[in-house]
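The exercises below ask you to read a structure step by step, and each is followed by a worked solution. Please keep the sequence and the coordinates open as you go.

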Amino acid sequence: MNCGDHETDCSEVLAEVWLLLDHECDADRDAQLRRHLDECGPCLARYDLERTVKTLVARSCSEVAPDGLRQRVMLSISQVQVEITRRD
Ligand SMILES: [Zn+2]
């Protein structure tokens, strides 16, 4: 993936999306990654997807997820993916 001349490479950003979500980057790196997300639609979409999945997983892990909940989570994830695809 290559979206031009960002100071941070897309592959680097995507590799560190989880760190960004967990606030495990130092402040400079955090700002650098967020700047890239501002400029780069595909990476932002990926970040949004990771964040949504993380939120849903965190929510469903707080208790033993019954099958119905699990299915709703999986459905929500696929809906997000559809939205991202449409956004392009
Ligand atoms: Zn990018």
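**Exercise 1. Confidence and overall architecture**

State the mean pLDDT of the chain, and find which element has the lowest mean pLDDT and which the highest.

*Solution.* Begin with the whole chain: this is a predicted model, its mean pLDDT is 81, and 85% of its residues reach 70 or more. Next, go element by element: helix α5, covering residues 67-87, has the lowest mean pLDDT, at 76, whereas α3 has the highest, at 93. As a matter of reading practice, predicted coordinates should not be read in detail where pLDDT is low. Then list the secondary structure, which comes to five helices and zero strands, so that the order from the N terminus is simply α-α-α-α-α. Finally, consider burial and contacts: buried residues make up 32% of the 88 residues in the chain, and, of the contacts with a separation of 6 or more, 58% are between residues 24 or more positions apart.

**Exercise 2. The zinc site**

Identify which atoms coordinate the zinc ion, and work out what arrangement their angles make.

*Solution.* Step one is to name the donors, which are C10 (SG), H36 (NE2), C40 (SG) and C43 (SG), at 2.1 to 2.3 Å from the zinc ion. Step two is to place these donors along the chain, where they follow the spacing C-x25-H-x3-C-x2-C. Within this set, C10 in helix α1 and H36 in helix α3 are 26 residues apart, and the pair links distant parts of the chain. Step three is the geometry: the four donor atoms subtend angles of 101 to 117° around the zinc ion, and the arrangement is therefore tetrahedral. For reference, the ideal angle for four tetrahedral donors is 109.5 degrees.

Step four is the surroundings of the histidine. Both C10 and H36 are buried, and for H36 the relative accessible area is 2%, which is why H36 is classed in this way. Not counting residues up to four places away in sequence, H36 touches H6, T8, D9, C10, V13 and C43.

**Exercise 3. The nonpolar core**

Determine how many residues the largest nonpolar core has, and which helices each supply at least two of them.

*Solution.* First, collect the members: the largest nonpolar core has twelve residues, namely C10, V13, L14, V17, L20, L21, C25, L33, L37, C40, C43 and Y47. Second, assign them to elements, which shows that α1, α2, α3 and α4 each supply at least two residues of this core. Third, take one member as an example: leaving aside neighbours within four places in sequence, L20 is in contact with C25, D30, L33, R34, L37 and Y47. In soluble globular proteins, nonpolar side chains tend to be buried together.

**Exercise 4. Salt bridges**

Find how many salt bridges a search of the whole structure gives, and decide which residues are joined into one network by shared partners.

*Solution.* The search of the whole structure finds six salt bridges, and three of them are worked through here. Consider E12 and R29, whose closest N and O atoms are 2.8 Å apart. E12 lies in helix α1 (residues 10-15) and R29 in helix α3 (residues 27-39), so this pair ties together parts that are 17 residues apart in sequence. Continue with E16 and R29, whose closest N and O atoms are 2.7 Å apart; because E16 lies in the loop between α1 and α2 and R29 in helix α3, this pair ties together parts 13 residues apart in sequence.

Now compare accessibility. R29 is buried, with a relative accessible area of 18%, and E16 also counts as buried, at 17%, whereas E12 counts as partly exposed, at 37%.

The next pair is R51 and D48, whose side chains meet at 3.0 Å, N to O. Both residues lie in helix α4 (residues 41-61), three residues apart, which is about one turn of the helix. Here R51 is partly exposed, with a relative accessible area of 41%, while D48 counts as buried, at 17%. To finish, look for shared partners: salt bridges that share partners join E12, E16 and R29 into one network.

Key
Residues numbered from 1 in each chain as written. Predicted model: local features only at pLDDT ≥ 70, side-chain atom pairs only at ≥ 80, totals over all residues. Heavy atoms only, no water. Salt bridge = Lys/Arg side-chain N within 4 Å of Asp/Glu carboxyl O. Helix = DSSP H or I, 4+ residues; strand = E, 2+ residues; numbered from the N terminus. Buried < 20%, exposed > 50% of the residue type's maximum accessible area, 1.4 Å probe, protein only. pLDDT = per-residue confidence, 0-100. Donors = N, O, S within 2.8 Å, 3.2 Å for Na, K, Ca; no water. Tetrahedral: all angles 85-135°; square planar, octahedral: opposite > 155°, others 65-115°. Contact = heavy atoms within 4.5 Å. Core = buried A, V, L, I, M, F, W, Y, C linked by side-chain atoms within 4.5 Å.
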